[in-house]
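User: I am new to this structure and would like to understand how its terms are applied. Please explain each one against its definition.

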Amino acid sequence: MLGTPWDYQDRAAEFLTRLNELDGRGIIVCNAPQMVRWNIDKRYLKQLAEADAAIVPTLWHDNPDREVVLGAMEHFECERVVVKRQIGAGALGQHSFTHAVPPDADWCMGRAAMIQPFLPAIVEDGEYSFIFIDGAFSHGVRKRPATGDYRIQSLFGGREEAFMPSPTDLAQAQDVLASMPATDLLYARIDMVRLSDERLAVMEAELVEPYLYPEQGPEFGERIARAILRRL
Ligand SMILES: Nc1ncnc2c1ncn2[C@@H]1O[C@H](COP(=O)(O)OP(=O)(O)O)[C@@H](O)[C@H]1O
Ligand SMILES: [Mg+2]
């Protein structure tokens, strides 16, 4: 089980090579290297959208600069956008620009990126995580940013609480899981944000990071232990 992959976003090729090596030696790797490869680059969101999942509207660009960011605001008809890495984690290297405070003239992302309209629901309502083990829903988490921030990560002062989803919300997360090209996932975390029409859109579908909010899932330990045992 992936244990401490916390720099995979900066060393993706090395990380994937290592997983393949383990796999090649007959060591069970969870989640499977081909699914980690699929999931490490957020362009998988396009595939989920093709399978009818609601995603956050996104423009993809190899190396956006000030003009591209301003163009995205025009495209989305919005005042504020988030620019993030296609291979990223923990909101690191992420930017939020507004009409009033756009990128500097000489700014560029320096890597493949995605641009999205800023969703105020992240601040007003939070982000929801649905944790699945062996395809079965285990527990839900609601994550909210610190006052004045929009990133829900605890590194930036975000807070987490247990969350019991409604059947409609849960069904939407299950649909996302079902639209992945995957079988036999040990674990999956579907992160979602509420759109203005109440539907949930996928922020990301996480098959790499092993931090699955055990504090909000009292039965998580036993469930994951059983799921691992089933694979041995
Ligand atoms: N379009 C957006 N609108 C508002 N906040 C966003 C948006 N995209 C990302 N964020 C904030 O940034 C955080 C990190 O973005 P995310 O897409 O989850 O990437 P990762 O967690 O892999 O770095 C989110 O949890 C959320 O708090
Ligand atoms: Mg995230």
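User: What makes the pair formed by an oxygen atom of ligand 1 and a polar backbone atom of Gly 88 a polar contact?

Analyst: This is a predicted model, in which local features need pLDDT of at least 70, side-chain atom pairs count only at pLDDT 80 or more, and totals for chains, interfaces and linings use all residues. Residues are numbered from 1 along each chain as its sequence is written, chains are lettered from A and ligands numbered from 1 in the order in which they are written, and side-chain values use heavy atoms, with hydrogens and water left out. A polar contact is a pair of N or O atoms within 3.5 Å. The two atoms in question are 3.4 Å apart, so the pair qualifies as a polar contact.

User: Which backbone atoms lie by a nitrogen atom of ligand 1, and at what distance?

Analyst: A polar backbone atom of Pro 117 is 3.0 Å from a nitrogen atom of the ligand, and a backbone N or O atom of Leu 119 is 2.8 Å from a nitrogen atom of the ligand.

User: Why is ligand 1 said to sit in the largest pocket?

Analyst: A molecule sits in a pocket if more than half of its atoms lie within 2 Å of the pocket's grid points. Ligand 1 is assigned to the largest pocket, so it fulfils that condition. A pocket is an open set of points on a 1 Å grid over the protein atoms alone, where a 1.4 Å probe fits, with protein on both sides within 12 Å along at least five of seven lines.

User: What is unusual about the peptide bond between Cys 30 and Asn 31, and what is the phi of Ala 91?

Analyst: Cys 30 and Asn 31 are joined by a cis peptide bond, with omega about -5°. Ala 91 has a positive phi of about 60° although it is not a glycine.

Note on methods:
Polar contact = N/O pair within 3.5 Å; in protein donor to acceptor, adjacent residues only side chain to side chain. 1 Å grid on protein atoms, 1.4 Å probe; cavity = no way out; pocket = protein on both sides within 12 Å on 5 of 7 lines; lining within 4 Å.
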